[in-house]
Amino acid sequence: MSKGPLTRFAAALALALGGLLIASPLALAADGVGIGGPADDKKVTYWAFAVLVFFTLVVIVGSLIQIRLEARKERLQADLQRVHRPVD
């Protein structure tokens, strides 16, 4: 018997949430000390600056890509209009 897609999605979601609930005590078992050791003010500050720089660079690079793509699109549209002029 075939189950509907919504039923399969609900079953997968319930299984994933159950797995997270079972694994959550293991994630917090080391008194909150992660791979990099205890978090002090210096580490938190450096991570915050790194996140700030990362997202700034993502916006700048994305804008530069968009500018180049827009210029290319406009150049192609101008070429098409030049080639396909209506005959009077």
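**Group meeting: surface contacts along helix H2**

At 53% relative accessibility, arginine 82 counts as exposed, because the cut-off for that class is over 50%. I begin with this residue since it leads into the salt bridges. Please keep in mind throughout that the model is predicted.

With which residue does arginine 82 meet in a salt bridge? The partner is aspartate 79, and the N to O distance is 3.8 Å. Both residues belong to helix H2, where they are 3 residues apart, about one turn of the helix. Aspartate 79 is partly exposed, its relative accessible area being 33%.

How many salt bridges does the structure hold? There are 2. Besides the bridge just described, glutamate 70 pairs with lysine 73, and their closest N and O atoms are 3.7 Å apart. Here too the spacing is 3 residues within helix H2, so about one helical turn separates lysine 73 from glutamate 70. As for accessibility, lysine 73 is partly exposed at 41%, and glutamate 70 is likewise partly exposed, at 35%.

I turn now to the nonpolar side chains. Leu52, Val53, Leu57, Ile60, Leu64 and Ile67 together make a nonpolar surface patch of about 570 Å². One of these residues, isoleucine 67, is found in helix H2, which covers residues 41-83. Is isoleucine 67 buried or exposed? Its relative accessibility is 54%, and it therefore counts as exposed, the threshold being over 50%.

Next, the aromatic residues. The structure holds 1 aromatic pair. It is formed by phenylalanine 54 and phenylalanine 55, whose ring centres are 5.1 Å apart and whose planes meet at 70°. Why is this pair called edge-to-face? Because planes over 60 degrees apart are placed in that class, and the angle here is 70°. Phenylalanine 54 has a relative accessible area of 49%, and is thus partly exposed.

Finally, the protein as a whole. The protein has 2 helices and 0 strands. What percentage of its 88 residues is buried? The value is 0%, where buried means under 20% relative accessible area. The accessible surface comes to about 8600 Å², and carbon and sulfur atoms account for 70% of it.

To summarise, helix H2 carries the salt bridge between arginine 82 and aspartate 79 and the one between lysine 73 and glutamate 70. Isoleucine 67 of the nonpolar patch also lies in this helix. Thank you for your attention.

Notes:
Residues are numbered from 1 along each chain as its sequence is written. This is a predicted model: local features need pLDDT of at least 70, side-chain atom pairs count only at pLDDT 80 or more; totals for chains, interfaces and linings use all residues. Side-chain values use heavy atoms; hydrogens and water are left out. Rings of Phe, Tyr and Trp (its six-membered ring) pair if their centres lie within 6.5 Å; planes under 30 degrees apart count as stacked, over 60 as edge-to-face and the rest as tilted. Buried means under 20% relative accessible area, exposed over 50%, partly exposed in between (1.4 Å probe, protein chains only). Patches are made of residues with over 30% relative accessible area and no salt bridge: like charges are joined within 9 Å, nonpolar side chains (Val, Leu, Ile, Met, Phe, Trp, Tyr) within 5 Å. Accessible areas come from the Shrake-Rupley method with a 1.4 Å probe; for residues, only the protein chains shown count as cover. A salt bridge is a side-chain nitrogen of Lys or Arg within 4 Å of a carboxyl oxygen of Asp or Glu. Helices (H or I, at least four residues) and strands (E, at least two) are DSSP runs, numbered from the N terminus.
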